[in-house]
Amino acid sequence: MSLDKEASTMMDKAVAHLAEEYKSLRTNRVNPAMLDSLMVEAYGSSVGLKTVASISVQERNLIITPFDPGISGDIVKAINSSQMNLNAINDGASIRVPVPPLNEELRKDIAKQAKQKLEQAKISVREVRRKIKDAAKKRKADGDLTEDDIKHMDKKLQTLTDEMCLKLDKLYVVKEKEILTI
């Protein structure tokens, strides 16, 4: 695989990762994806909530139905101890998680988290650029690339980096609007 295609693939993964991260951020709409990143201590190890239960939405509540009712307590504990400020209630067969509307302070805090995740993604994209440049310099030292090839690749890498950062910014703008909308 050529270096520019490798860079494009790796940067696309950073964009996709940010999109996945944004799914787990709370907005005013109740969404089962809010709990996607939640880990539950069950069966002697840490497992994702989606692997041990199904999640659905009913009005402003998340309804979690464990595949094994014996781990309901573990799921409640994981939700209540998470940083999502949610309070899970065990109804016996299922777990109900009321999702209150966001107040202004919490919306701003979540928007700040989204901005931090954006910066992390941009750092990842720039790190890919740096790694590819280092690989190109190494190939130049081996005689595989010329100085002109390196300059041309640098221009392509910078253009690609700028495009990816623009994509990341667009994801952030959409998510920020979604978070701050009442």
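**Close-ups of two pockets and two helix pairs**

**View 1. The largest pocket and the residues around it.** In this predicted model, 16 residues line the largest pocket, and those lying nearest its centre are Ser24, Leu25, Gln83, Met84 and Gln113. The space comes to about 380 Å³. Helix H4, which covers residues 104-142, gives the largest share of this lining, with five residues. Sort the lining by class and you get six nonpolar, six polar and four charged residues.

**View 2. The second largest pocket, with H1 and H5 in its lining.** Here the pocket holds about 230 Å³ of space. It has 14 lining residues, and Tyr22, Lys23, Arg29, Lys175 and Glu178 are the closest to its centre. Two helices to look for are H1 (3-23) and H5 (147-180), since each of them supplies at least two residues of the lining. H5 gives the most, with four residues. As for the mix of classes, seven lining residues are nonpolar, two are polar and five are charged.

**View 3. Helix H1 packed against helix H4.** A quick word on how to read this pair: two packed helices are described by the angle between their axes and by the distance between those axes. For H1 and H4, the angle is about 165° and the axes are 10 Å apart. An angle over 145 degrees counts as roughly antiparallel, so that is how H1 runs relative to H4. The crossing of these two helices is right-handed. On the H1 side, the residues that meet H4 are Leu3, Glu6, Ala7, Met10, Met11, Ala14, Leu18, Glu21 and Tyr22. Their partners in H4 include Ala114, Leu118, Ala121, Val125, Val128, Ile132 and Ala136, along with Lys117, Arg129 and Arg139. Taken together, the residues of this contact split into 15 nonpolar, one polar and five charged.

**View 4. Helix H4 packed against helix H5.** Now follow H4 to another of its neighbours, H5: the two pack at an angle of about 170°, again with axes 10 Å apart. That angle makes H4 roughly antiparallel to H5. What classes of residue make up the contact of H4 with H5? There are 17 nonpolar residues, two polar ones and eleven charged ones.

**View 5. The helices and the pockets together.** To tie the views up, find H4 once more: this helix supplies five residues to the lining of the largest pocket, and it also packs with H1 and with H5. H1 and H5, in turn, both contribute to the lining of the second largest pocket. Tyr22 is a handy landmark, as this residue is among the closest to the centre of the second largest pocket and is also one of the H1 residues that meet H4.

Key: Residues numbered from 1 in each chain as written. Predicted model: local features only at pLDDT ≥ 70, side-chain atom pairs only at ≥ 80, totals over all residues. Heavy atoms only, no water. 1 Å grid on protein atoms, 1.4 Å probe; cavity = no way out; pocket = protein on both sides within 12 Å on 5 of 7 lines; lining within 4 Å. Points joined across faces, edges and corners; volume = space filled by probe spheres on them. Nonpolar A, V, L, I, M, F, W, Y, C, P; charged D, E, K, R; others polar. Axes fitted to C-alpha atoms, helices over the stretch in contact; angles between N-to-C directions. Parallel < 35°, antiparallel > 145°, perpendicular 65-115°, else oblique. Left-handed = near helix turned anticlockwise from the far one by under 90°. Contact = heavy atoms within 4.5 Å.
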